[in-house]
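Here are some short exercises in reading a protein model. Try each task on the structure before you read its solution.

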Amino acid sequence: MDLELAARLRADLTAARFRVDHLDALWGAAAEAALRRGNRVPAARALAASDAPAAALARLFVLGELVEPDAAAAALPRLGLAGAAELGLLAETAGRIRPLVDLRPYAFVDLHGAGEWWVASDLGELATGGALRTDHVLGVGGASTTLAGLQFPEPVASVLDLGTGCGIQALHARRFAERVVATDISERALRYARLNAALNGVDGIEFRRGDLYEPVAGERFDRIVSNPPFVITPRTPEVPAYEYRDGGREGDALVAAVVAGAAEHLVPGGTAQLLGNWEYAAGADGLEGSARWADAAGLEAWIIERDRLDAPRYAETWIRDGGTRPGTPEFERLCGAWLDDFARRGVEEVGFGYLVLRRPHGAPGFRRAERADAPLDGVSGIGAHLAAALAAHDAVAALDDARLLAVRLRVAGDVTEERSHWPGEADPSVIVLRQGGGLRRELRVDPALAAVVGACDGELPLGVILDAVAQLLDTDAEALRIALVAEVRELVIDGILAPVG
């Protein structure tokens, strides 16, 4: 990577104000929404009326349009058209400049504060108007932002970004790690990842080529992050395999292999945050099956299923993702191949979600496999929430019941309570605790537990509160303690209650 050319490009993008807020102002909210739906016409019309350098850059690298050489050169005065061509960004065709890459600003917020980078990747379907090439390198999408939000925020010495793609997770990981190793089987992806690191002035990332854990054989890390190529694709020659999403193994075996390898490449106490799919076949619970991958590897696990699709919807989603449009003969042919593969293996549904793994210092002590109560798209801080939950588990696991009863607890500020009553009835028929942040849990609780939670204001020890609630409900205090202490432990892990002091 030519660092001097990357620095010149960075200077040009900065001078042009090629930023998210400036582009939003140039084309407006309606055009931005249309772009997210795959319609570039409103944005193109808005940019055509502007001679701002950012407009020329957006026409080239976001919309994939041809522009006049003078407009492109004016937008890249330091880099120049020759330098841009040397970086592989553009080429001249019939007297006009055409883009060779997608290059756009990307804004985010994490515990270090707000940030913005430029991210280069291959041109997408919006720009090319056709199916993607099989070695396509994906830019920042929904899965990327999901995994970025899932990364734990605590500082560590080393992170492995397994399957780095365009390098976005490595960039995020570097904000919390002294050293990052980013691997990918695709040299094309690694070229983009190196460019993105250089373009944004981020050092401390080492890029290595190879399959899964091969490039880091014998090494251990404090943290592993991975958006692996988990898509379940028929392993037949007539179905294209895309490097960024198809791992080359049947079914969900690729994700199982990533989980198994994590155990060998984490230090004791090290964590991994992954995305993945798991199959529901022949009546078997796919979510529970994914938890057994961690069991077999001796890892603690927290697996959260966010979505679940039946076989036809899953096939449609990923065929469309590759740029093949519904209603075409090719779409129908591919859909048939997908459904044949699922039928042969008895797969009825596919789950998608998050896997948080930890290599224990001793015997595994934490295991959860659950389905999300509420949609999690757009929820910020999930990684910080899960990291805090693991810490809370460790804290309460170290306390026997007697010591836990001496702890003062406070209900979290994002927790609300909803009570439903039958008309004319004084007692509620349903009590629900709702969590505004984190995993947005909705927990049905009985009146006794609701009373305990309501009284947790950090002033009184849990044991005193339980005794008072027992007296209020005219029930045996010892029996109530036995019944509720385990539930209180879970509420602490969930983030509903937090120890004081």
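The exercises below work through a predicted model, from one helix to a sheet, a loop residue and the cores.

**Exercise 1. Compare the span of helix α14 with the expected value, then find which way the helix faces.**

Step 1. Take the ends. α14 covers residues 329–345, which is 17 residues. From first C-alpha to last, the helix reaches 25 Å. At 1.5 Å a residue, 24 Å is expected, so the two values are close.

Step 2. List the buried residues. In α14 they are F331, L334, C335, A337, W338, D341, F342 and R345.

Step 3. Look down the axis. The buried residues of α14 fall within an arc of 160°, so they line one face of the helix.

Step 4. Check the face turned away from the buried side. It carries the exposed residues P329, E332, D340, A343 and R344.

Step 5. Find the packing partners. The buried residues of α14 pack against β9 (266–281), α13 (311–321) and β11 (347–358).

Step 6. Move past the helix end. G346 follows α14, and its phi is positive, near 70°.

**Exercise 2. Work out the strand order and the edges of the sheet that contains β15.**

Step 1. Read the order. The open sheet has 3 strands, arranged β14-β15-β16, with antiparallel pairing.

Step 2. Find the edges. β14 (415–420) and β16 (442–445) each have a single partner strand, so one side of each lacks a neighbour in the sheet.

Step 3. Add the twist. On average, neighbouring strands here are turned by 25° against each other, direction ignored.

Step 4. Zoom in on one pair. Strand β15 (residues 430–435) is joined to β16 by 4 bridges. L433 has L443 in β16 as its bridge partner.

**Exercise 3. Is A16 buried or exposed, and what does A16 touch?**

Step 1. Locate A16. The residue sits in the loop between α1 (3–15) and α2 (20–36).

Step 2. Apply the cut-off. Buried means under 20% relative accessible area. A16 has 8% relative accessibility, so A16 counts as buried.

Step 3. List the contacts. Leaving out residues up to four places away in sequence, A16 touches H22, P53, A54 and L57.

Step 4. Look further along the chain. A74 is 58 residues from A16 in sequence, yet their C-alpha atoms are separated by 9.8 Å.

**Exercise 4. Which residues have the most contacts inside the largest nonpolar core?**

Step 1. Take the largest core, with 97 residues. Y213, Y314, L357, L386 and V452 have the most contacts inside it.

Step 2. Follow L357. Residues it touches include V259, A262, L274, A294 and L299.

Step 3. Look apart from this core. Another core has 63 residues, among them F61, V137, A177 and V180.

Note on methods. Residues numbered from 1 in each chain as written. Predicted model: local features only at pLDDT ≥ 70, side-chain atom pairs only at ≥ 80, totals over all residues. Heavy atoms only, no water. Core = buried A, V, L, I, M, F, W, Y, C linked by side-chain atoms within 4.5 Å. Buried < 20%, exposed > 50% of the residue type's maximum accessible area, 1.4 Å probe, protein only. Contact = heavy atoms within 4.5 Å. Pairing = 2+ DSSP bridges. Helix = DSSP H or I, 4+ residues; strand = E, 2+ residues; numbered from the N terminus. Axes fitted to C-alpha atoms, helices over the stretch in contact; angles between N-to-C directions. Arc of directions from axis to C-beta.
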